[in-house]
Amino acid sequence: MSETMWGGRFDLPMDHLVEEFNATILIEKRVTPFSIIGSTAHVHMLAAQGILSEEEAAQILKGLEAVREEVQAGRFVFDVADEDIQMAIERRVTEIVGPVGGKMHTARSRNDQAQLDVRLYARHAVIEILKAIRALQNAIIAKAEQYMGAMFPGYTHFQTGQPILFSHWMMAYFWMLERDIGRFEDAYKRLNVCPLGAAAMAGTTFNIDREMTAREMGFSAPSENSVDTIGDRDHLIEIDSAAAICMMHLSRLCEEIVLFASQDIHFFELSDDFCTGSSIMPNKKNPDIAEKIRGKTGRVFGNLQAMLTMMKGLPLAFNTDMSEDKEPTFDSVDTLHMSLRILTPMLTKMTVNADKTREGAGRGYSNATDLADYLARKGIPFRQAHHIVGHIVNYCVKHNTDLERMTLEEYRQFSDAIDADIHQYISLEACVAARRSFGGTAPERVKEQIERAKARLNQKDALAQGDI
């Protein structure tokens with residue numbers, strides 16, 4: 001006969017391989033404090049509704065508090081024989097307070113209980129990620145302000161396109177992360193409904209108060225449909241998706257750091273404590289941490305794909321496939337959180353070689369568009385101006401010169417509209433300063449952008465501190 005808490009129906013005990021294969025408890029250790037919170041709220045409600053006596057509730061709550069202390073002290077035993085953390089806590093409470101401990105499971109199932117525990121954890125995880133994103137955004141703003149005025153090459157196709165400010169390039173990542181903030185905020189709103197009371201999948205025959213438990217645990221409301229509640233993993237998939245997109249942004253930043261810190265380009269210098277060396281080449285200083293974040297991004301992508309694949313063919317409501325929901329989500333949360341935490345000080349300590357970035361900004365005839373704009377302001381249709389400047393660039397390539405070094409006589413070979421004032425319009429400073437459109441790279445626009453970013457951070461500080 002099976003001795004498990006659910007084993008009354010079975011003649012044989014679970015095979016030990018099945019026991020190990022089926023257990024999720026070792027993965028679920030991190031949700032233990034949240035499971036205790038959920039059970040405490042449930043017992044409070046059962047007592048308030050008269051389903052448990054005050055004495056019974058007091059005994060169970062005493063047992064839950066004892067388990068909480070064991071967990072905090074590292075004495076709680078996580079045993080695969082318990083299958084999951086919910087059964088482990090109930091078993092231990094029953095050992096402490098006696099058979100009354102079994103009454104804590106009245107009017108609920110492991111299905112809604114497990115959903116509750118993971119949702120409580122997921123809320124906490126999202127808040128921690130939001131704080132870490134905000135910290136990186138602050139570092140980005142600080143770096144942009146530190147090097148305000150430094151010229152930087154703006155690329156398309158990784159070919160020099162137009163000169164911009166380094167600060168403008170840097171702030172691009174602020175706004176990527178701001179979109180990530182929005183995605184995690186939205187995910188939080190949808191996950192913040194209480195599943196407790198959905199029971200196995202059809203609700204319960206007991207006169208429970210779902211609004212009470214939802215309110216006690218800070219949820220916006222109880223979930224609407226018990227079948228959907230038990231069969232739902234959208235909230236975890238949304239977190240995995242937001243994490244994957246955010247990791248993609250971090251990976252892009254790390255890719256550029258790796259490129260620009262290379263000896264051939266040397267726009268950036270990384271601090272030694274965020275680099276490694278070579279076992280054979282003593283001259284090497286490798287940007288391994290940036291590469292590691294770039295590499296870990298693929299794993300987070302894979303976690304999202306695993307979740308989507310797991311859910312795509314499941315009938316309602318619960319299937320044991322869904323017990324595979326935690327490991328990929330926990331891994332994505334951990335990977336993103338650590339990546340954010342390590343990238344923030346790495347970026348803070350990174351230095352910018354402004355002489356090199358200015359030199360890079362001037363390569364590739366990056367002021368050619370400004371020359372075309374100059375001709376367009378002289379009344380030449382832009383498409384024709386574009387064609388003229390193309391010929392001028394071709395001339396520069398063949399004569400090993402650049403637009404700034406060309407004489408007026410040389411320019412006049414291509415258009416009589418070019419006057420002696422041409423050079424004041426095509427210097428790097430002039431090119432950058434002229435782009436005054438909203439969101440452009442002109443210094444005053446970038447400074448305004450930074451001020452708007454700071455205001456955004458101030459508006460959202462309460463959220464990042466957990467006040468959602």
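Q: What makes up the contacts in the chain between residues at least 6 apart in sequence?
A: Of these contacts, where contact means heavy atoms within 4.5 Å, 74% join residues at least 24 apart. The model is a predicted one, in which local features need pLDDT of at least 70, side-chain atom pairs count only at pLDDT 80 or more, and totals for chains, interfaces and linings use all residues. Residues are numbered from 1 along each chain as its sequence is written, and side-chain values use heavy atoms, with hydrogens and water left out.

Q: Why is the chain called more spread out than a compact globule?
A: The globule rule is 2.2 Å times the number of residues to the power 0.38, and the radius of gyration is taken over C-alpha atoms. For 468 residues the rule gives 23 Å, whereas the radius of gyration of the chain is 30 Å, well over that value, so the chain is more spread out than a compact globule.

Q: How do you know that the span of helix α10 is close to the expected one?
A: The expected span of a helix is 1.5 Å times one less than its number of residues. Helix α10, residues 288-311, has 24 residues, for which 34 Å is expected, and reaches 35 Å from its first C-alpha to its last.

Q: Which residues of α10 are called buried?
A: Buried means under 20% relative accessible area, computed with a 1.4 Å probe on protein chains only. In α10 the buried residues include Ala290, Ile293, Thr297 and Val300, and what covers the buried residues of α10 includes α8, α9 and α11.

How values were computed:
Helix = DSSP H or I, 4+ residues; strand = E, 2+ residues; numbered from the N terminus. Buried < 20%, exposed > 50% of the residue type's maximum accessible area, 1.4 Å probe, protein only.
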